[in-house]
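Here's a quick briefing to read with the model open beside you. Take a look at the fold first, then work through the points below.

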Amino acid sequence: MPTTYGWLDIHRIAEEFADAYPGRDPLTLRFVELRAMVEKLPGFVPDPSHPVNEKILESIQMAWVGEKGEDED
């Protein structure tokens, strides 16, 4: 796994959150909060050619929900 990643690495971000926040419900987060959490992840380096937008944040949120579902199985 690469040591750095950016906004388009949605599944990597979701895996990081599933590990770091196992009891957190991703659907309770506002996108402003989610963005701040992503930007604080170790190894996260935003790519200026791919800025974040609402679609990316929603994709991260849904991927995180999916990761939580896999952990509960």
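Which residues does Glu-67 touch, leaving aside residues up to four places away in sequence? The contacts are Ala-14, Glu-15 and Ala-18. Keep in mind that this is a predicted model. The chain has three helices and zero strands, and Glu-67 sits in helix H3, which covers residues 54-72.

**Overall fold**
- Reading from the N terminus, you get a plain α-α-α order of elements.
- The radius of gyration is 12 Å, which agrees with the value near 11 Å that a compact globule of 73 residues would have.
- Laid along its principal axes, the C-alpha trace spans about 35 × 25 × 15 Å.
- Counting contacts with a separation of 6 or more, 74% come from residues 24 or more positions apart.

**Surface and charge**
- Buried residues make up 34% of the 73 in the chain.
- About 4700 Å² of the chain is exposed, and carbon and sulfur atoms supply 53% of that area.
- The chain carries 7 positive and 15 negative charges, and the mean positions of the two sets are 8 Å apart.

**Glu-67 and Glu-58 in helix H3**
- Glu-67 is the odd one to check: this residue is buried yet has no salt bridge.
- For Glu-67, the nearest side chain of opposite charge belongs to Lys-68, and that is 11 Å away. A salt bridge needs a side-chain nitrogen within 4 Å of a carboxyl oxygen, so Lys-68 doesn't qualify as a partner for Glu-67.
- Glu-58 is also placed in helix H3, but Glu-58 is partly exposed, with a relative accessible area of 42%.
- Glu-58 and Leu-29 are 29 residues apart along the chain, while their C-alpha atoms are separated by 10 Å.

**The salt bridges**
- How many salt bridges turn up in a search of the whole structure? The search finds two.
- One of them joins the side chains of Glu-16 and Arg-12, at 3.1 Å from N to O.
- Glu-16 and Arg-12 are separated by about one helical turn, because they are four residues apart in helix H1 (residues 10-20).
- Are Arg-12 and Glu-16 buried or exposed? Arg-12 counts as buried, at 15% relative accessibility, whereas Glu-16 is partly exposed with a relative accessible area of 26%.
- The side chains of Arg-35 and Glu-39 also meet in a salt bridge, at 3.0 Å from N to O.
- Arg-35 and Glu-39 are both in helix H2 (residues 31-39), again four residues apart, or about one turn of the helix.
- Arg-35 counts as partly exposed at 38% relative accessibility, and Glu-39 is partly exposed too, with a relative accessible area of 40%.

**Pro-22 in the loop**
- Where does Pro-22 lie? You'll find Pro-22 in the loop between H1 and H2.
- Pro-22 counts as exposed because its relative accessibility is 59%, and the cut-off for exposed is over 50%.
- Leaving out residues up to four places away in sequence, Pro-22 touches Phe-17 and Lys-68.
- Pro-22 also gives you a link back to Glu-67: the two are 45 residues apart in sequence and 9.7 Å apart in space, C-alpha to C-alpha.

Key. Residues numbered from 1 in each chain as written. Predicted model: local features only at pLDDT ≥ 70, side-chain atom pairs only at ≥ 80, totals over all residues. Heavy atoms only, no water. Helix = DSSP H or I, 4+ residues; strand = E, 2+ residues; numbered from the N terminus. Rg over C-alpha atoms; globule rule 2.2 N^0.38 Å. Buried < 20%, exposed > 50% of the residue type's maximum accessible area, 1.4 Å probe, protein only. Contact = heavy atoms within 4.5 Å. Areas by Shrake-Rupley, 256 points an atom, 1.4 Å probe, with all protein chains shown as cover. Lys, Arg positive; Asp, Glu negative; His and termini not counted. Charge placed at Lys NZ, Arg CZ, Asp CG, Glu CD.
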